[in-house]
Amino acid sequence: MKDAMSMATELIAADSAHRAQQSAKLSDAPLHAQSGKTTPIPVPEGAENVEFDGSDGKLEFESQSSVKALAGFYRNALKPLGWKAQPSVINNPNMAAMQFSKGGKEISITVMQMGPKTNVSANGSGLEMANAGSSATDDQPAAKAAPKPLEAEPDSALPVPKEHTLSSLSTGKLPGSDAPFRQELEASIPADLASVLAFYRDELGKRGWKELPDRAITQPDRVQLAFTSPDGPAMLKLGRQNAETTVNLAQKIPAAAAKGEVLPKPGQARLMLGNMGQSDATITINKQTIKLAAGAGGPQSSQHPALDLPPGKYKYATKVAGRPAKSGQIELGADDAWDLMLGPDGDVLALQAY
């Protein structure tokens, strides 16, 4: 055992010395981008055995430059192109890992010393190109074919692609009723934002929903669209997170909400107050102080204090007997209704009800 450990120690030391010798032969000189390349990101001068596949979003090559020089090249070259570097914990003399994002797309670049040369491997949606036929090398990059349209899940109350990795549907209903007055879909789709946006415009159009162009917000990594539907107003919000497109689709149904105390006055916002604790409490908002008896607004209570307020941001303060005062802020939109529920210690849970 002692002989084996001694031999292993010697081998590790010899390997480290060999790597150091090889690393010393690699150049730390600043690099410049090759001209005439059609890859989505620059390739440095001196790159060898360049392979680019636009259909899969992959780029690989070898270089006689050091890890430090190549990592510095990409950090400096991608910033002016609008790519934002993400924090990385791998950044040492023989290996560096980098993450970049822009407009809902991502690129991962790994630079690693492999013997007397350095290997660069990059992949991600930021390297994908349209109309790719096959993989290519050096000056013949391939491009990616148009993505296949997303298909709708057949049994969902609100449309969601079959390809989702996460999906949840919540509904607001009046006690004793099966008719929802609000539906909200949350989903995560492993597809680019443009494909998900096209899916929802198509599917919602099939259901008779009409987009309101004057209320649209369209950005590279964020979209917000307002609709009118046969049952009431709706809002679609798309974003990007963890290389997927996030979906929030909410629909209001005024006819069902009007049967209860949920529907706000036109152009106003309704704030419904509750006290889930066993002690009396107060809440002060918009220069009004409302007393909330223990259990008021809870499931077993017939008391449902509510305020109708103009849209805007409101600061509030809560006080539960025997507890320190607490404060917070809520933003209310026109024609929205929110539940503001006080817990036993005065903390507030705010949930949009309509």
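These questions and answers walk through parts of a predicted model.

Q: Which residue in strand β1 has a positive phi although it is not a glycine?
A: Most residues other than glycine have a negative phi. Strand β1 covers residues 48-53. One residue found there has a phi of about 55°. That residue is N49.

Q: Is N49 buried or exposed?
A: The relative accessible area of N49 is 54%. The cut-off for exposed is over 50%. N49 is therefore exposed.

Q: Which side chain makes a polar contact with the side chain of N49?
A: N49 is found in β1, and β1 is joined to β2 by bridges. In β2, E62 stands opposite E48. The side chain of N49 makes its contact at 3.0 Å, and the partner is the side chain of E62.

Q: How far apart in space are N49 and F61, C-alpha to C-alpha?
A: In sequence, N49 and F61 are 12 residues apart. N49 is found in β1, while F61 is in β2. The strands β1 and β2 run antiparallel, joined by 4 bridges. From C-alpha to C-alpha, N49 and F61 are apart by 5.3 Å.

Q: What is the phi of G57 in the turn between β1 and β2?
A: β1 and β2 form a hairpin. Between the two strands lie 4 residues. G57 is in this turn, and its phi is positive, at about 70°.

Q: Which side chains of β2 point to one face and are buried?
A: In a regular strand the side chains alternate between the two faces of the sheet. β2 spans residues 58-63, and its side chains alternate. K58, E60 and E62 point to one face and are not buried. Pointing to the other face, and buried, are L59, F61 and S63.

Q: What is the bridge partner of L59 in β7?
A: β2 also pairs with strand β7, residues 117-123. The pairing is antiparallel and runs over 6 bridges. L59 is one of the buried residues of β2. Its bridge partner in β7 is A122.

Q: Where does N286 lie, and is it buried or partly exposed?
A: N286 has a positive phi, near 50°, and is a residue other than glycine. N286 lies in the loop between β17 (281-285) and β18 (288-292). Its relative accessibility is 37%, so N286 counts as partly exposed.

Q: Which are the edge strands of the open sheet of 4 strands?
A: The order is β18-β17-β20-β21, with antiparallel pairing. An edge strand here pairs on one side only. The twist averages 25° from one strand to the next. The edge strands are β18 and β21.

Q: Which residue in β21 stands opposite A317?
A: Strand β20 covers residues 312-320. β20 is joined to β21 by 7 bridges, and the two run antiparallel. Opposite A317 stands S327.

Q: How many residues of the lining of the second largest pocket are charged?
A: About 600 Å³ of space lies in this pocket. The lining has 28 residues, and those nearest the centre are R215, M235, K252, D336 and Q352. Elements that give two or more residues to the lining include β13, β14 and β21. The lining divides into 14 nonpolar and 5 polar residues, and the charged ones number 9.

Terms used
Residues are numbered from 1 along each chain as its sequence is written. This is a predicted model: local features need pLDDT of at least 70, side-chain atom pairs count only at pLDDT 80 or more; totals for chains, interfaces and linings use all residues. Side-chain values use heavy atoms; hydrogens and water are left out. On a 1 Å grid over the protein atoms alone, a cavity is a set of points where a 1.4 Å probe fits but cannot get out, and a pocket is an open set with protein on both sides within 12 Å along at least five of seven lines; lining residues have an atom within 4 Å of a point. Grid points are joined across faces, edges and corners, and a volume is the space filled by probe spheres set on the points. Ala, Val, Leu, Ile, Met, Phe, Trp, Tyr, Cys and Pro count as nonpolar, Asp, Glu, Lys and Arg as charged, and the others, Gly among them, as polar. Buried means under 20% relative accessible area, exposed over 50%, partly exposed in between (1.4 Å probe, protein chains only). Two strands pair if DSSP finds at least two bridges between them. Axes are lines fitted to C-alpha atoms, for helices over the stretch in contact, and angles run from 0 to 180 degrees between N-to-C directions. A polar contact is a pair of N or O atoms within 3.5 Å; within protein, one must be able to donate a hydrogen and the other to accept it, and residues adjacent in sequence count only if both atoms are side-chain atoms.
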